[in-house]
Amino acid sequence: MKCANCGAELKVGCVYCSVCGKEAQIVSDYTVLEDDFLRDILKEKKQKTQKKHSSGKQSEGAKASGKHKPRRKKKNLAWAFAAMAILAVLLVGIAFLVKYSQDNSYEYQLTKAESYKDGKDYQQAEKCLKRALELDGPVEDIKMSLVEVYLLQEEEGSAQKLLLEIIADNGSHLEAYRQLIQIYDEAEDYEAIDALRKEITDSNILELFEEYLAEPPEFEPESGTFQEETPITLTSKGDCAIYYTTDGSDPREGKLYHGPIPLEPGKSLKVRAVCCNEFGLYSEENQGQFLLELQKPDTPQVTPSGGSFKIPQPITVDVPDGCKVYYTWGRAAPTQESNQYEGAISMPEGNNILSLILVDEYGMVSDVLKCNYIYIP
């Protein structure tokens, strides 16, 4: 900057001119030529600005006329396809997660199984239940549902196998036994029912077998020793056949009971008996041990029973039904080989001894009865 009074250069920061001492006044350094140069620069800058604005308007006109539109469309379509691809991937991922969750849900598989069963699509119900078995849930309940599905498909063999598995794991599963008995009954496999029953000790479960059981026969009288004729009778409950043996062999291979079994005197008799019901199932065996030990029969009743006679009397003997009387004259004891009484015996002359025995219907022999007759004319 220069001093306005003397034109000397002013030092930066000085308030007074160091040459003339006048107060410094700021005067521009550039000349008129410089001022013209500055105007040219500003004019040139203005022209460039106007040219730029004109170029911008032409560009906007080009856009309006659609010269660059195809490029923008292609770009938009690319973004749309990319967005759709991302959305598709997300949907597939969500579907996969949902399916994975369902495949690994016990409750879902059980619900679907019930739905398929209601719709009578038993094969799909079976698949869902089998999948549920692989997951964490009450196994017995699932297996029982699967048994129901098998039966609905008339697959009794598969149902039977599964029920046996349930019983093997839980011997007190009442419903499993009920279902298994029903399968055996429909197949008329009563031997299988009987075999199943023999393995059970639970009284509640044994009640399921009552209609298939045959009660053992009853003896009348019960085992014992008897001193008089006593026939052995056998009775059964219900419409059952009774088979028995007296030689110690298996009664299932014995005789069919029709009436009382006689006892032989002095001979012990062991009777083994079983009942067989309408299903062909045998009861438990019942046994009885019997012995008939009859007393000797009384000696015969003779009229007259002895004495002295001047006139001979006929000698008669009272013989009970089924019995026989044998006699001898003299002191020799009679046997069953001696004379058999068949009518009045004549009284011989002299002093004689009549000896008699009675043999009853069982072959039991009485003591010897001796009667002394003295007949002297």
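## The nonpolar cores

Of the 36 residues in the largest nonpolar core (a set of buried Ala, Val, Leu, Ile, Met, Phe, Trp, Tyr and Cys residues joined through side-chain atoms within 4.5 Å), those that touch the most other members are Leu-163, Tyr-177, Ile-181, Ile-193, Leu-196, Phe-209 and Tyr-212. Here buried means under 20% relative accessible area, exposed means over 50%, and partly exposed lies in between, with a 1.4 Å probe and protein chains only. At least two residues of this core come from each of the helices α3 (106–118), α4 (122–134), α5 (139–152), α6 (156–169), α7 (174–186) and α8 (190–197), where helices (H or I, at least four residues) and strands (E, at least two) are DSSP runs numbered from the N terminus. A second, separate core has 18 residues, including Phe-219, Tyr-244, Leu-263 and Val-271.

Leu-163, not counting residues up to four places away in sequence, touches Met-144, Val-147, Ala-176, Gln-179, Leu-180 and Ile-183, a contact being heavy atoms within 4.5 Å.

## How the model is read

This is a predicted model, in which local features need pLDDT of at least 70 and side-chain atom pairs count only at pLDDT 80 or more, while totals for chains, interfaces and linings use all residues. Residues are numbered from 1 along each chain as its sequence is written, and side-chain values use heavy atoms, with hydrogens and water left out.

## Two open sheets

Five strands form an open sheet with mixed pairing in the order β2-β7-β6-β4-β5, and two strands count as paired if DSSP finds at least two bridges between them. The edge strands, β2 (224–226) and β5 (255–256), each pair on one side only. Strand β4 (residues 241–245) pairs with β5 in the antiparallel sense over two bridges, and Tyr-244 stands opposite Lys-255 in β5.

Another open sheet of five strands, also with mixed pairing, has the order β9-β14-β13-β11-β12. At its edges stand β9 (307–309) and β12 (339–340), each with a single partner strand, so one side of each is left without a neighbour in the sheet. Strand β11 (residues 324–329) and strand β13 (residues 350–359) pair in the antiparallel sense over six bridges, and Lys-324 has Val-359 in β13 as its bridge partner.

## A loop residue

Pro-265 lies in the loop between β5 and β6 (268–276), and because its relative accessible area is 25%, Pro-265 is partly exposed. Leaving aside neighbours within four places in sequence, Pro-265 is in contact with Leu-292, Leu-294, Tyr-362 and Met-364.
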